[in-house]
Amino acid sequence: MRNLKLLLKLQRVNILRLNELRHGHDKKQRRRLGWMLATYVILGLMGLLYAGFFTWGLYAGGLAELLPSYLTVLCSLLALITTLIRANGMLYGLRNYDLLHSLPFRQGELVASKLIGLYLSALAISPVVMLPGWVFYTLATGFSLVKTLMMLLVTALSPLLPLALGILISLALTLLTARMRHKNLLVALIMVLGISFMMIFFYTSPMEKLEDPKYLANLALGLESQITRVYPPARLVGDMMRQTSFARLLDFALLMLLPFAAVGGLLMRFDSGIQALTAWRSRGRAGKKLQRQRSPLLALTLKEGKRLLASPLYLMNSSVMAWMVPVVLFILPILKPELLAMLKGMPQIMEIAMQYLPLAAAGGIGLTTTSAISLSMEGKSAWLMGTAPVTAGTILAAKGLLNLIITLPGCLITALLLWYHLDLSLMYALACLLLPAAFAAFATVLGLASDVKLARYDWENEQQMVKSSVQVMLGLVTCFCSLLVMAGALYLAGTYSLLAAYVLVGLLLLSSFLIFRRLSRKPIYIVK
Amino acid sequence: MQAILDIRSFSKTYPGGVKAVNDLSLQIEPGDIYGFIGKNGAGKTTTLRAAGGMLRFEEGEILIGGVSVKKDPLACKKQIAYLPDNPDLYEFLTGHQYLHFIADLFMIPGDERKQRIDSYAQALDLDSRLDDLISSYSHGMKQKLAMIGGFIHRPLLFLMDEPFVGLDPEAVVRVRQIIKDFCAQGSAVFFSTHVLEVAEKLCNKVAIIMDGHLMASGPTQQVRGDQSLEGYFLEVMGHAQP
């Protein structure tokens with residue numbers, strides 16, 4: 001137990017790099033960390049606002065009874081997605097654990113400390129989702145100390161089952177693909193498909209029976225039964241809160257704890273074997289094509305691509321979102337053709353949707369970028385770029401190109417699918433292509449700009465950059481704010497929203513060009 | 001004869017006020033194998049990094065082939081190679097991929113690069129491992145690979161930071177021979193080292209630096225006089241102690 005406490009302390013002191021903020025003497029670094037923490041706070045507040053707005057909608061619509069089960073499903077889904085993305089990096093990608101394995105810790109203690117780390121990171125999201133919902137639920141049903149305690153327990157317990165599932169799925173995928181050459185790409189594609197399926201079921205299940213009179217008679221219960229089809233354990237939470245039932249609470253607790261304990265035991269038992277399998281490396285191919293001379297820009301772009309594909313964490317966090325929109329648009333009409341027909345039969349909703357469709361596609365595809373940490377990802381090998389005989393513009397162009405190579409096909413497929421499914425006019429379909437593409441370019445250069453300003457090369461593991469770097473957070477916040485501004489512009493444009501979308505395309509491209517030109521003149525990879 | 005590397009009154013103060021190098025001047029000419037000797041923290045790496053164009057500096061001037069590192073860093077980088085003390089390379093690439101990447105950056109034609117890669121890889125006994133990922137290499141193998149990456153574009157000047165650390169004795173002998181052959185063709189090598197024996201045997205010129213100040217520089221024979229280089233170095237360090 002003492003050893004476990006020590007390991008957890010090690011994780012705790014490094015959380016959000018607070019230790020560096022506390023003990024570091026480099027003013028610039030401290031300022032950067034301050035910015036990072038501020039960005040986390042802003043993102044948390046934005047999450048609260050979003051969850052608050054959404055749950056207020058249910059409350060105002062007289063559906064407050066739905067909130068406990070709905071929030072449980074949402075938290076569990078987020079915990080599952082977080083775990084799917086993070087599990088392998090956290091369990092088998094932490095370099096500093098090589099040192100810890102050489103110290104007198106038991107295997108079980110090391111695994112337990114990592115599992116607790118994963119649990120806490122999944123748990124961190126829950127209050128943001130749960131809190132506003134809980135406030136509205138209390139407003140609707142009246143305050144009850146017992147119910148509040150029950151909900152606190154549900155909040156603490158609900159990430160456990162998704163965590164166990166997420167670990168099992170990502171581990172199974174890793175082991176199945178361990179000896180494949182492009183294993184990371186394959187795993188990422190499977191993850192994109194899996195997450196897309198989950199989201200489709202989560203968001204569309206409540207809509208399936210909107211025309212059923214029995215269902216409409218008790219909308220809250222009807223919706224609950226539909227939502228909990230996605231995640232049946234949430235039904236226990238709904239029943240528990242309605243009946244203030246400790247038996248249901250116990251059922252829920254056991255359902256969460258037992259699978260988690262089983263997966264934990266499995267990992268503790270087979271940890272070293274899994275470590276060995278995940279460390280397997282394939283030999284490269286020195287084909288004749290390698291001898292062909294490439295331009296520096298192409299060589300740098302290919303190198304960036306290889307780095308991305310070599311890092312599951314980087315790949316999953318920076319590229320998955322870009323492919324989620326086209327994949328969902330591809331799967332949705334196949335899985336739920338009735339939804340599309342229903343949507344087409346609601347002209348008023350279609351009109352509003354059409355106004356923001358190109359922007360929604362842009363946000364879905366372009367919000368996360370590879371470029372926001374692409375300079376920093378050079379890490380300790382940054383000296384190679386520092387001594388390379390190429391201009392800053394070429395290096396930045398290669399890093400930006402990679403992001404565009406990932407996002408632009410997504411933009412094209414999205415536009416084509418929208419065109420096909422919604423019978424869009426050519427001009428509208430073109431706007432659905434150009435606005436996401438221009439926004440992807442804008443997000444790319446914004447990412448580059450934040451990394452030029454805040455690059456850091458002395459990281460110990462990729463997790464520090466991919467998950468908790470100020471650049472990623474700053475990129476997300478600035479892109480999100482830009483989306484809000486553009487949404488405002490489209491709203492103001494009203495019936496001229498299509499024209500406004502084309503104007504936005506022009507503005508985004510011009511801004512991207514100007515920012516990139518300015519960045520190209522800055523010295524990069526040169527230490528002060 | 002124009003110096004390949006001309007460092008004029010170079011000083012570097014890091015943010016926070018630490019003065020790493022103070023008014024250092026030295027010249028390296030074609031064919032020179034120049035050893036840069038000093039204790040840990042003396043300012044060797046700072047000087048090498050500044051010459052390599054990776055460190056911003058305000059005081060002094062560094063010219064490579066007559067071109068200022070400050071004013072035209074790109075032209076300078078085309079003329080040099082740099083080997084850091086810890087060769088952190090792209091671990092996600094294989095040895096071959098890495099070398100071809102470097103060759104692409106320096107725009108070396110296909111046939112030429114193949115011939116050079118084969119020749120250096122054989123000389124350093126790395127040819128059988130070039131298809132493996134760099135992440136599977138030992139420190140010494142990474143060192144050899146980084147060195148080949150430096151030699152393949154035939155730079156005018158090769159800056160090396162502790163190039164012999166981590167190499168096995170056979171590799172040390174081979175690297176010494178490669179350096180000699182390389183400099184015999186008119187290029188120059190400027191390297192820092194703690195191994196005085198290697199410096200004495202290999203370098204035609206040496207410079208000794210202590211706490212950022214250049215204590216001595218010139219032809220090895222002239223600097224050490226009648227003593228061994230180790231004896232002279234210890235004497236300089238001893239005299240300099242407070």
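Modeller: Two strands pair if DSSP finds at least two bridges between them. The strands themselves (E, at least two residues) and the helices (H or I, at least four) are DSSP runs, numbered from the N terminus. We are looking at a predicted model, in which local features need pLDDT of at least 70 and side-chain atom pairs count only at pLDDT 80 or more, while totals for chains, interfaces and linings use all residues. Residues are numbered from 1 along each chain as its sequence is written, and chains are lettered from A and ligands numbered from 1 in the order in which they are written.

Colleague: Good, let's test that. How do you know that strand 3 and strand 8 of chain B pair?

Modeller: DSSP has 5 bridges between them, in the parallel sense; the definition asks for at least two, so they are a pair. Here Ile37(B) stands opposite Thr193(B) of strand 8. Strand 3 (residues 33-38) also pairs with strand 9 (residues 205-210) of chain B, again parallel and over 5 bridges, and there Ile37(B) faces Ile208(B).

Colleague: Which strands of chain B are called edge strands, and why?

Modeller: Start with the order: the open sheet has 6 strands, 6-7-8-3-9-10, with mixed pairing. Strand 6 (80-83) and strand 10 (213-219) of chain B each pair on one side only, and these are the edge strands. Neighbouring strands are turned by 15° against each other on average, direction ignored.

Colleague: What makes strand 8 of chain B mostly covered?

Modeller: A residue is buried if 20 or more other C-beta atoms, placed from the backbone, lie within 10 Å of its own (exposed means 12 or fewer, partly exposed in between). In strand 8 of chain B, 6 of its 6 residues are buried. The cover is on both faces: Ala188(B), Phe190(B) and Ser192(B) are buried on one side, and Val189(B), Phe191(B) and Thr193(B) on the other. That fits the general pattern, because side chains in a regular strand alternate between the two faces of the sheet.

Colleague: Why is the unit of strand 7, helix 6 and strand 8 of chain B called right-handed?

Modeller: A crossover gets that name if, with the strands pointing away from the viewer, the path from the first strand over the helix to the second runs clockwise. The β-α-β unit in chain B, with helix 6 at residues 169-184, is assigned as right-handed. Its two strands run parallel, joined by 5 bridges, with Leu157(B) opposite Ala188(B).

Colleague: And chain A: which kinds of element does it have?

Modeller: Chain A has 24 helices and 0 strands. Of its 528 residues, 42% count as buried.

Colleague: How many residues of chain A are in contact with chain B?

Modeller: Contact means that two C-beta atoms, placed from the backbone, lie within 7 Å. By that rule, 28 residues of chain A touch 34 residues of chain B. Helix 15 (296-310) and helix 19 (382-387) of chain A each supply at least two residues of the chain A side, and helix 15 gives the most, with 6 residues.

Colleague: Where are the domains of chain A?

Modeller: The bounds come from an automatic or database domain assignment. It gives domain 1 (1-12 + 65-280) and domain 2 (297-528). Their centres, taken over C-alpha atoms, are 28 Å apart, and each domain brings 22 residues to the contact. On the domain 1 side, helix 4 (67-92) and helix 10 (183-204) of chain A give two or more residues, the largest share being the 13 residues from helix 10.

Notes
Axes fitted to C-alpha atoms, helices over the stretch in contact; angles between N-to-C directions.
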